[in-house]
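The following exercises are to be worked with the sequence and the model at hand. Each task is followed by a solution in steps.

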Protein chains: 2
Amino acid sequence: MNNWTTRTPLSEAQEDYLKQILLLGSGGNETGRLEDTLAVSTQSLAEQMQVRPASVTGMLKKLAELGLVVHEAYRGVRLTEAGYKVALEVLRHHRLIECYLHQALGYGWEEVHAEAEKLEHHISEAFEARIAEWLGHPSHDPHGDAIPSATLELPQSNPSCRLSGLERGAFGLVVRVATQDQDALNLLAHLGLRPGASVQLLEHLREGSRIQVGQERYLLPTALAQVLWIEEGGPRG
Amino acid sequence: MNNWTTRTPLSEAQEDYLKQILLLGSGGNETGRLEDTLAVSTQSLAEQMQVRPASVTGMLKKLAELGLVVHEAYRGVRLTEAGYKVALEVLRHHRLIECYLHQALGYGWEEVHAEAEKLEHHISEAFEARIAEWLGHPSHDPHGDAIPSATLELPQSNPSCRLSGLERGAFGLVVRVATQDQDALNLLAHLGLRPGASVQLLEHLREGSRIQVGQERYLLPTALAQVLWIEEGGPRG
DNA sequence: GATTATTTTTAGGTATAACTAAATCTTTGT
DNA sequence: ACAAAGATTTAGTTATACCTAAAAATAATC
């Protein structure tokens, strides 16, 4: 374990592992506190990174040597404070870039992920600072994900629940679209199910949830209903 | 030699080699025509890329296999049409990014090079198109270097000469600052010797050239006087 | 034609990050 | 409690990309 806070620049793969450990450990709900994250299994990381479990073990070993994770064999991996910081930094880059592409360059909110995924590893702190400034230090990205501040604090979010967990007849506002699947994003964008959209839940069925968005009614498969996070509230603001 | 126009994505290093072959082969004066470029020596490439000549030979072999350069042993290397296209594409990315950092994000013209150097390899064609549009399809970057168009044509430049070649008493406009050395850029920026600045040449001395910029007079070392390209013209526009 | 400088070849090194196969550990079901 | 199933680790391999030093080959110059 290396304690010297030295910044041997991490590889792209290493940064991605740390980011995924944070995301998986948060169960999609980052609280901003390392203590609230769970240990992540080798398996789930392997799936997420599209790699064999053995490859994950290898990488975790390296990250553990760097003092960025604690890996208890057979029990999963957790970030250390240092690793958590790096992961938040990467997340900040990613989400700021998404914001910037959307607001400054006119990308659709469903298009920004792929470009941000590449760029997040290659921008300087100066660049980060400049776009954050230009954007007015936003708290959330175009998908509704919270953006860590320059000091790596996460902003508070209002209570919300998955669309699939909404009660019959309830109204609400989409506050977050929690998927990175490009096809899912395209579909949701086409239906107008973007952050800020107003929806009503009509009924839950075995195949999915029947909902109303504007004048249109859709039967949304459960897989998709689970990625939409809703803030409950009266009909159409 | 691979003729299939396939786009096996090139590595960062490969793109950098191609770019440097173009820059060195143009002697700092790109005409936009491959025929006007000279063969580049292994040595000069090695210096530019900060590696040993043997490494250059190795890389040239690989690039030749990809059909991007023609390497005549012991006689130097030239770009093929395909390699020339790639090099221009990289140059376009680099210079557009420099413009964008300067105009959209407020970077100083002397600061943009380093950031662009990293980003040029990691932006998509969509990103390139969007920033080109935002900028209004500029023809030159903040250093005065010509930007290849979307179709990879280089814009015509007005005739110009090095400050070191100017005649005694002549007036002119800085149109290009042809160095990537950060310290040189900083120094020139501090003296106000940026593209667009008006200068008069007072006299040439052994140590350099005495010049006047605004109210100030400087003795500019020859090494620096050679990177400043001047368009001759009457005193202060 | 010999000397010098440059270039290429050869052989080998480093680093990253992936993989497979086999061994080992943990969990689960009976 | 134990066996089977599943997950994880170990060990050894592969592939890529890049680099180097030293020896051999070539070109240029006197």
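Two residues are in contact when heavy atoms lie within 4.5 Å. The model is predicted.

**Exercise 1. Determine which residues of helix α2 in chain B are buried, how they are arranged about the axis, and what covers them.**

Step 1. Apply the cut-off: a residue is buried when its relative accessible area is under 20%. In α2(B), which runs over residues 42-49, L45(B), A46(B) and M49(B) are buried.

Step 2. Recall the helix geometry. An α-helix has 3.6 residues a turn, so residues three or four places apart point the same way.

Step 3. Look down the axis of α2(B). The buried residues fall within an arc of 100 degrees, so they line one face of the helix.

Step 4. Identify the cover. Elements of chain B that cover these buried residues include α1 (12-25), α3 (53-65) and β2 (76-79).

**Exercise 2. Examine the backbone at Q50(B), Y74(B) and H137(B), and state the sign of phi at each.**

Step 1. Set the expectation. Most residues other than glycine have a negative phi.

Step 2. Begin after α2(B). The helix is followed by Q50(B), with a positive phi near 60 degrees.

Step 3. Turn to Y74(B), which is not a glycine and has a positive phi near 70 degrees. Y74(B) sits in the loop that joins β1 (69-72) to β2 in chain B.

Step 4. Go on to H137(B). Its phi is also positive, about 50 degrees, although H137(B) is not a glycine. The loop that holds H137(B) lies between α6 (125-135) and β3 (161-162) of chain B.

**Exercise 3. Decide whether Y74(B) and H137(B) are buried or exposed.**

Step 1. The cut-off for an exposed residue is over 50% relative accessible area.

Step 2. Y74(B) has 87% relative accessibility and therefore counts as exposed.

Step 3. For H137(B) the value is 53%, so H137(B) counts as exposed.

**Exercise 4. Assess how compact chain A is, and describe its composition.**

Step 1. Count the elements: chain A holds 8 helices and 8 strands.

Step 2. Compare the radius of gyration with the globule rule. The radius is 19 Å, close to the 18 Å that the rule gives for 237 residues, so chain A is as compact as a globular protein of that length.

Step 3. Note the extent of the C-alpha trace, about 60 × 45 × 30 Å along its principal axes.

Step 4. Consider burial and contacts. Of the 237 residues in chain A, 47% are buried. Among contacts between residues at least 6 apart in sequence, 65% join residues at least 24 apart.

Note on methods: Residues are numbered from 1 along each chain as its sequence is written. Chains are lettered from A and ligands numbered from 1 in the order in which they are written. This is a predicted model: local features need pLDDT of at least 70, side-chain atom pairs count only at pLDDT 80 or more; totals for chains, interfaces and linings use all residues. Side-chain values use heavy atoms; hydrogens and water are left out. Helices (H or I, at least four residues) and strands (E, at least two) are DSSP runs, numbered from the N terminus. The radius of gyration is taken over C-alpha atoms; the globule rule is 2.2 Å times the number of residues to the power 0.38. Buried means under 20% relative accessible area, exposed over 50%, partly exposed in between (1.4 Å probe, protein chains only). The arc is that of the directions from the helix axis to the C-beta atoms.
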